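Let's take a friendly tour of a protein and look at both its empty spaces and its packed interior. Keep the 3D view open and turn it as you read.

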Amino acid sequence: MLKTLLVYIHLIAACLAIGVLLVQDIALAKWRGRAMDAVAIDNLHRNSGLVTLALVVLWVSGLIIVAIGYLDVPNYLMNQKLWAKFTVVSILTINGLFLHHYSFRVLASPVGFIGAGRMAQFLVLVTAVVSLVSWLYSCYLGIARPWNNVAPYAYVMIVYSVVMTIALVIGLEVWRELRKEFRVLAR
């Protein structure tokens, strides 16, 4: 009963985080890199707080679920997909710290994303892609039951790396087009 309740809490926290993340990403895309107004900046900070809270709930509930799994089945920790999920969630957690302490400042600055320097833009782009891919992939790993005790850690991480690479290439292309559009508008 306790494990079922924890899995439910874990699921709700994941849904909240993904929902808020996607809504915030859409809102940011509408600004097309321009400086945001005070309402958009407030929304960014409020939404980042919700995602942070959801992440804390996910870590706590996830660790308790793993502890219960281990107590029920001592071989539970041998599931390499589980370790890959821990790796991806650790990456998204560390990336989230960088987002909160660096990227959001750039996005909320008076010059906006497109007015920032090229390196700042690149770092914001990378953290945004790492965030989106890591959140979506960690949620996928949560439901990828056929991979339990079958998929090797390296395989799961190679799939993650391939998805990340594709997303980064797409992100770089969107960035290139946005910069080109900005140069045309600036003339």
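How many nonpolar, polar and charged residues does the lining of the second largest pocket have? It has 19 nonpolar, eight polar and four charged residues. Please keep in mind that this is a predicted model.

**Two pockets**

Rolling a probe the size of a water molecule over the atoms shows where empty space is left. Here are the two largest pockets side by side.

| Pocket | Volume | Lining residues | Largest share of lining |
|---|---|---|---|
| Largest | about 1,100 Å³ | 45 residues | α3, ten residues |
| Second largest | about 790 Å³ | 31 residues | α2, seven residues |

Start with the largest pocket, which has a volume of about 1,100 Å³. To find its centre, look for Asp25, Leu28, Val124, Ala128 and Val129, the closest of its lining residues. Helices α1 (2–30), α2 (38–72), α3 (80–107), α5 (118–143) and α6 (153–186) each give two or more residues to this lining. By class, the lining of the largest pocket divides into 30 nonpolar, twelve polar and three charged residues.

Now move to the second largest pocket, where His10, Ile65, Lys85, Gly142 and Arg145 lie nearest the centre. The elements that give two or more residues to its lining are α1, α2, α3 and α5.

**The packed interior**

Next, look at the nonpolar cores. The largest one has 30 residues, and Leu107, Tyr137, Trp147, Val156 and Tyr160 touch the most other members. At least two residues of this core come from each of α2, α3, α4 (112–115), α5 and α6, and α5 supplies the largest share, eight residues.

Trp147 is a good residue to click on. Leaving aside neighbours within four places in sequence, Trp147 is in contact with Asn79, Lys81, Tyr137, Tyr140, Leu141, Tyr155, Val156 and Val159. Apart from the largest core lies another core, of 13 residues, among them Ala14, Ala17, Leu21 and Val51.

**A glutamine in α5**

Is Gln121 buried or exposed? Gln121, found in helix α5, has a relative accessible area of 0%, so it counts as buried. Its side chain makes a polar contact with the side chain of Trp175, at 2.7 Å. Not counting residues up to four places away in sequence, Gln121 touches Phe113, Ile114, Gly115, Ala116, Trp175 and Arg179.

Notes. Residues are numbered from 1 along each chain as its sequence is written. This is a predicted model: local features need pLDDT of at least 70, side-chain atom pairs count only at pLDDT 80 or more; totals for chains, interfaces and linings use all residues. Side-chain values use heavy atoms; hydrogens and water are left out. On a 1 Å grid over the protein atoms alone, a cavity is a set of points where a 1.4 Å probe fits but cannot get out, and a pocket is an open set with protein on both sides within 12 Å along at least five of seven lines; lining residues have an atom within 4 Å of a point. Grid points are joined across faces, edges and corners, and a volume is the space filled by probe spheres set on the points. Helices (H or I, at least four residues) and strands (E, at least two) are DSSP runs, numbered from the N terminus. Ala, Val, Leu, Ile, Met, Phe, Trp, Tyr, Cys and Pro count as nonpolar, Asp, Glu, Lys and Arg as charged, and the others, Gly among them, as polar. A nonpolar core is a set of buried Ala, Val, Leu, Ile, Met, Phe, Trp, Tyr and Cys residues joined through side-chain atoms within 4.5 Å. Buried means under 20% relative accessible area, exposed over 50%, partly exposed in between (1.4 Å probe, protein chains only). Contact means heavy atoms within 4.5 Å. A polar contact is a pair of N or O atoms within 3.5 Å; within protein, one must be able to donate a hydrogen and the other to accept it, and residues adjacent in sequence count only if both atoms are side-chain atoms.
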